[in-house]
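Work through the exercises below with the sequence and the model open. Try each task before reading its solution.

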Amino acid sequence: MMDYIDFGDIQDAVLNCTYDDIAYGNEIINSLASRLKVTDIPEPVPYIVKRLGVVAACYNRCLLQTGTDPTTVFNGAGGVENSDIYAQKLKLYKAEMERLMASLTAADFGVTGGQGRASIPLYRS
């Protein structure tokens with residue numbers, strides 16, 4: 001598996017992504033490419049594809065960290081005065097990841113000369 005993102009691509013000052021998060025982001029890129037039948041991913045990947053990998057890595061880290069924010073304060077009545085930062089970020093990263101997964105096409109990977117055209121043979125009868 002090729003690495004499309006690395007630690008230098010993560011710009012979130014709160015999250016401390018691990019190698020597993022980076023691997024998850026790279027795997028999401030591979031998974032989407034496979035679903036779109038992209039067999040040759042250019043290196044470096046286009047920005048929008050890299051963005052998907054970064055968002056997926058951050059999503060994974062938030063998923064694993066939710067509930068561990070030491071600044072979360074409970075008010076004693078079962079309520080939370082300020083929500084877990086990881087839970088807040090999880091919602092944002094999930095929405096962005098879903099948006100990117102739904103909108104990316106093979107053309108976004110730069111295949112077929114960046115045109116993303118498919119050919120359909122036509123025959124005259």
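**Exercise 1. A helix pair**

Which residues in helix 2 meet which residues in helix 3? Describe the packing of the pair as well.

Solution.
- Bear in mind that the model is predicted.
- Start with the contacts. On the helix 2 side they involve Ile48, Arg51, Leu52, Val55, Ala56, Cys58, Tyr59, Cys62, Leu63 and Gln65. Helix 3 meets them with Tyr86, Lys89, Leu90, Tyr93, Lys94, Glu96, Met97, Leu100 and Met101.
- Sort the residues of this contact by character. The contact of helix 2 with helix 3 has 14 nonpolar residues, one polar and four charged.
- Next, take the geometry. Two packed helices are described by the angle between their axes and the distance between the axes.
- Helix 2 spans residues 47-65 and helix 3 spans residues 85-103. Their axes come within 8 Å and cross at roughly 145 degrees.
- Finish with the hand. The crossing of helix 2 and helix 3 is left-handed.

**Exercise 2. A salt-bridge network**

Which residues are linked with Arg51 in a network of salt bridges? Trace each link.

Solution.
- The network joins Arg51, Glu96 and Arg99.
- Take Arg51 and Glu96. Their side chains form a salt bridge, 3.8 Å from N to O. The cut-off is 4 Å, so the pair counts.
- Place both ends. Arg51 is in helix 2 and Glu96 in helix 3, 45 residues apart, and the pair links distant parts of the chain.
- Take Arg99 and Glu96. The closest N and O atoms of this salt bridge are 3.0 Å apart.
- This second link stays within helix 3: Arg99 and Glu96 are three residues apart, about one turn of the helix.
- Check exposure. Arg51 has a relative accessible area of 30% and is partly exposed. Arg99 is partly exposed too, at 45%.

**Exercise 3. A bridge to the N-terminal segment**

How many salt bridges does the structure hold, and what does the one between Asp9 and Lys50 tie together?

Solution.
- The structure holds five salt bridges.
- One of them joins the side chains of Asp9 and Lys50, at 3.4 Å from N to O.
- Locate the partners. Asp9 lies in the segment before helix 1 (19-35), and Lys50 lies in helix 2. The pair therefore ties together parts that are 41 residues apart in sequence.
- Lys50 is partly exposed, with a relative accessible area of 22%.

**Exercise 4. Two residues to classify**

Is Asn60 buried or exposed? Classify Lys91 in the same way.

Solution.
- Find Asn60 in helix 2. Its relative accessibility is 12%; buried means under 20%, so Asn60 is buried.
- List what Asn60 touches. Leaving out residues up to four places away in sequence, these are Asp20, Asp21 and Tyr24.
- Find Lys91 in helix 3. Its relative accessibility is 65%; exposed means over 50%, so Lys91 is exposed.
- Add a distance. The C-alpha atoms of Lys91 and Cys62 are 9.0 Å apart, with their positions 29 residues apart along the chain.

**Exercise 5. The whole chain**

In what order do the elements of the protein run from the N terminus? Add the overall totals.

Solution.
- Count the elements: three helices and two strands.
- Put them in order: α-α-β-β-α.
- Turn to burial. Of the 125 residues, 36% are buried.
- Consider contacts with a separation of 6 or more. Residues 24 or more positions apart account for 71% of them.
- Close with the surface. The accessible surface is about 8,100 Å², and 54% of it belongs to carbon and sulfur atoms.

Methods
Residues are numbered from 1 along each chain as its sequence is written. This is a predicted model: local features need pLDDT of at least 70, side-chain atom pairs count only at pLDDT 80 or more; totals for chains, interfaces and linings use all residues. Side-chain values use heavy atoms; hydrogens and water are left out. Axes are lines fitted to C-alpha atoms, for helices over the stretch in contact, and angles run from 0 to 180 degrees between N-to-C directions. Helices (H or I, at least four residues) and strands (E, at least two) are DSSP runs, numbered from the N terminus. A crossing is left-handed if the near helix is turned anticlockwise from the far one by less than a right angle, and right-handed if clockwise. Contact means heavy atoms within 4.5 Å. Ala, Val, Leu, Ile, Met, Phe, Trp, Tyr, Cys and Pro count as nonpolar, Asp, Glu, Lys and Arg as charged, and the others, Gly among them, as polar. Buried means under 20% relative accessible area, exposed over 50%, partly exposed in between (1.4 Å probe, protein chains only). Accessible areas come from the Shrake-Rupley method with a 1.4 Å probe; for residues, only the protein chains shown count as cover.
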